[in-house]
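I opened this model to keep a record of what I looked up, one entry per topic. My plan was to go from single residues to a helix, then to a whole chain, and at last to the contacts between chains.

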6 protein chains.
Amino acid sequence: MSTIATRSEPETDPRVRAVFDDIRATRKSDFVNNFWRSLAFDPDLLERTWAEAKAVMSAPSALDPLTKELLYIAVSATNGCAYCVHSHTAAARAKGMSDAQHADLLRVIALAAKTNQLATALQVPVDAAFDADRFDG
Amino acid sequence: MSTIATRSEPETDPRVRAVFDDIRATRKSDFVNNFWRSLAFDPDLLERTWAEAKAVMSAPSALDPLTKELLYIAVSATNGCAYCVHSHTAAARAKGMSDAQHADLLRVIALAAKTNQLATALQVPVDAAFDADRFDG
Amino acid sequence: MSTIATRSEPETDPRVRAVFDDIRATRKSDFVNNFWRSLAFDPDLLERTWAEAKAVMSAPSALDPLTKELLYIAVSATNGCAYCVHSHTAAARAKGMSDAQHADLLRVIALAAKTNQLATALQVPVDAAFDADRFDG
Amino acid sequence: MSTIATRSEPETDPRVRAVFDDIRATRKSDFVNNFWRSLAFDPDLLERTWAEAKAVMSAPSALDPLTKELLYIAVSATNGCAYCVHSHTAAARAKGMSDAQHADLLRVIALAAKTNQLATALQVPVDAAFDADRFDG
Amino acid sequence: MSTIATRSEPETDPRVRAVFDDIRATRKSDFVNNFWRSLAFDPDLLERTWAEAKAVMSAPSALDPLTKELLYIAVSATNGCAYCVHSHTAAARAKGMSDAQHADLLRVIALAAKTNQLATALQVPVDAAFDADRFDG
Amino acid sequence: MSTIATRSEPETDPRVRAVFDDIRATRKSDFVNNFWRSLAFDPDLLERTWAEAKAVMSAPSALDPLTKELLYIAVSATNGCAYCVHSHTAAARAKGMSDAQHADLLRVIALAAKTNQLATALQVPVDAAFDADRFDG
């Protein structure tokens, strides 16, 4: 059950087909998950979202691929996005996340959620020492 | 301005003093930031929170120290905790985060926030392929 | 499965019956959705919540009915309320939301979630030019 | 105070200059607000974020410009992003939002936040009638 | 700095005056805090919001006044509402909240934030034993 | 479906067994709910989380056990944690929460969510009168 009606043959639209093919080629897998199938109701939205996801998550960058997946899980869990927690935990595991790393991720994001709550409830004033201009200039 | 009254001499309490000394020793710095000063109104809460933070963030574990700071920033930004974003960005920079890594962190957490929003608005059903039991046997 | 026990015959309570009848009359439909059925465990809570929802969403006001539904979806998706996303997307569609408008809504709320994340992670200082007093006086 | 060090002359970088010039041309104003100035520390992030914001918010689309600003405010307030609430309320006012529309916006997003909370606390099961497949065929 | 222009003499409007007078009488204090002053730009919004706040927070009900303030702080901290955390912590203290109760509140809401994060990241399936229908018959 | 693979016999690990036995003894019940079963994949995480939950929720403290459960529900609903809302509503009911108290809880947390939204959308400046230093000297 979704807020968008299911398309039985989304790939009859050539723009959708092109994106799905690129997803398969990028991931070296035939599987196209429901997130992309849902977005296919609007080919422009599908194209732009996939282009950004591919650029950020699949291109080489300053952070390694597994770290990026862990960050994705951290944001998704904090936002309470069940779908995203599932899809990115599976992705992290596919990229080599061990059980020990998974547990460590959980320890850090649980601690962060806890101290976020404390800092906000106490309305702790920001220390002047944290000003970025003190580091760079 | 905080929701807790300022203590002018918190370290006259020996339990507070012991925690502050351990913070200084662990960080090899004289600086004790406002978060710990605010928590000092209740020594038990201070002790337990510091013990957990030290165990999770300072002890060697499956994830390296910089990755743990990046995860902390990701959760803190998603929760909208201004204090925590400031303190952990400063901590990440102190642990070597480059501008390129900072920009990459921003790209990933912004993309995650965006796709979290899309997945939730579309109520995308979770794919059976993401079930953890399929990975572990 | 809910946190409130199901009432098999909620309309035997005349206060509940009166609210359900008003819901049916206002919407010109026999359907009373689960949200109101759940609230029926406390007739006062049901009456007040329905009175507010009717006044805000059904009475003529400065914003048109479809715009109000789109705003409702925007808040509900951001809060991660699966039930509310479903019910208000159905309501928006019943009020004429097209697929193109749905896609545009998704583009805007996804962009907003993304730049909210960036602005919070960067702790961007508010420009003086945004002060409301500059516009009105 | 921000998490990124202030650049005194960001427009000496030609990529930053090009984006700022496009912001000024698009908005027919000399003013470039702090959000874009903060992002200028990474020209790629600046370019991509501006390109998306311009495409979604300034190009003609299925929703009118004021409705899109109201949706932006709705998401930003729900996410607790002070900067974004300020900047997009100013933008909405510049696009003609009246006090009556502002008050109506507040009524809807406050009601939505309230019923989101109720639906989540009650864990109301989603009605089958809300299934999108029932609407489209 | 607010998103609404300051009214220098809001009580020249008799509807605003009536609400402010009722706030003063209910609280037995001359002080009317900024939240109500901000809402005064729209007398209808002010009247309805105050009526609800008075009915819920000031009328005798199944929960005592201090417990209701603690719950208000819990929600406000979780939503990251700085204003509300300040105003309701002050209200709780005025209603007798001790430092020990304040610390206990912090312990509980910090633990809840932490285990919320864990349960969401793990996507723990809800136990059938928690079904409300099992309790009520 | 969870992000962690199911362990068929988690109590063959003596550390897991010890925690589960303590959960049963503390609650005087044979039932160990899924949250603890999920955490059992990492005995250290299980032990520390249970130790904190037991200390905060089961030990005598400045707030009574039912009030602590109500606060837990308030945070969990605001964070949108379906599992936690279910488990702590069941716990509150087991500790004596009446339907009238449940309805009152809902009234307060719904009002708080609403006024949080209003205060954030209006960016209401914090009154100097709320400064904690004014109360304590």
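**Entry 1: two residues with positive phi**

I began with A:K28, which I located in the loop of chain A that joins α1 (14-27) to α2 (34-39). I note at the outset that this is a predicted model, and that every value below is computed from it. The phi of A:K28 is positive, about 50 degrees, although the residue is not a glycine. Is A:K28 buried or exposed? I counted 6 other C-beta atoms within 10 Å of its own, and because 12 or fewer is the cut-off for that class, A:K28 is exposed.

I then turned to F:Q123, which is not a glycine either and has a positive phi of about 50 degrees. I found F:Q123 in the loop of chain F between α6 (99-122) and α7 (133-136). Here the neighbour count came to 23 C-beta atoms inside 10 Å, and F:Q123 therefore counts as buried, the threshold being 20 or more.

**Entry 2: an aspartate in a helix**

Next I looked up E:D104, which lies in helix α6 of chain E, the helix that covers residues 99-122. E:D104 is buried, since 23 other C-beta atoms lie within 10 Å of its own. Which residues does E:D104 contact once its neighbours within four places in sequence are left aside? I listed F:S61, F:A62 and F:L63 as the partners of E:D104.

**Entry 3: helix α4 of chain B**

I followed α4 of chain B from residue 65 to residue 78, a helix of 14 residues. From its first C-alpha to its last it reaches 20 Å, close to the 20 Å expected at 1.5 Å a residue. How many of the residues of α4(B) are buried? I found 12 of the 14 in that class, so I wrote the helix down as mostly covered. The buried residues include B:T67, B:K68 and B:E69, and also B:L70, B:L71, B:Y72 and B:I73.

I also asked what covers these buried residues of α4(B). Within chain B, the cover includes α3 (43-58), α5 (82-94) and α6 (99-122). From other chains, it includes α4 (65-78) and α6 (99-122) of chain A, together with α6 (99-122) of chain C. After α4(B) comes B:G80, and I noted that its phi is positive, near 70 degrees.

**Entry 4: chain A as a whole**

I counted 7 helices and 0 strands in chain A, and the order from the N terminus on is α-α-α-α-α-α-α. The domain assignment gives domain 1 as residues 11-59 and domain 2 as residues 62-123, and I recorded 24 Å between the centres of these two domains of chain A, taken over C-alpha atoms.

For the overall dimensions of chain A, the C-alpha trace spans about 55 × 40 × 30 Å along its principal axes. The radius of gyration of chain A is 19 Å, whereas a compact globule of 137 residues would have one near 14 Å. Of the 137 residues of chain A, 53% count as buried. Among contacts in chain A with a separation of 6 or more, 54% come from residues 24 or more positions apart.

**Entry 5: chains C, D and E together**

I laid chain D on chain C, which took a turn of 180 degrees and a shift of 0.0 Å along the axis, with an RMSD of 0.0 Å. The two copies are thus related as by a two-fold rotation axis. The same surface serves both copies, as 100% of the contact residues of chain D recur in chain C.

This contact takes 61 residues from chain D and 61 residues from chain C. On the chain D side, α2 (34-39), α3 (43-58), α4 (65-79), α5 (82-94) and α6 (99-122) each supply at least two residues, and the largest share, 17 residues, comes from α6(D). By type, I divided the chain D side into 36 nonpolar, 19 polar and 6 charged residues.

The contact of chain C with chain E takes 13 residues from chain C and 12 residues from chain E. The chain C side of this contact divides into 6 nonpolar, 4 polar and 3 charged residues. Chain C can be laid on chain E by a turn of 180 degrees and a shift of 0.0 Å along the axis, with an RMSD of 0.0 Å. I noted last that 92% of the interface residues of chain C are also interface residues in chain E, so the copies meet through the same surface.

Methods: Residues are numbered from 1 along each chain as its sequence is written. Chains are lettered from A and ligands numbered from 1 in the order in which they are written. This is a predicted model: local features need pLDDT of at least 70, side-chain atom pairs count only at pLDDT 80 or more; totals for chains, interfaces and linings use all residues. Copies are superposed by least squares on the C-alpha atoms of residues with pLDDT of at least 70 in both. Two residues are in contact if their C-beta atoms, placed from the backbone, lie within 7 Å. Domain bounds come from an automatic or database domain assignment. Ala, Val, Leu, Ile, Met, Phe, Trp, Tyr, Cys and Pro count as nonpolar, Asp, Glu, Lys and Arg as charged, and the others, Gly among them, as polar. Helices (H or I, at least four residues) and strands (E, at least two) are DSSP runs, numbered from the N terminus. The expected span of a helix is 1.5 Å times one less than its number of residues. The radius of gyration is taken over C-alpha atoms; the globule rule is 2.2 Å times the number of residues to the power 0.38.
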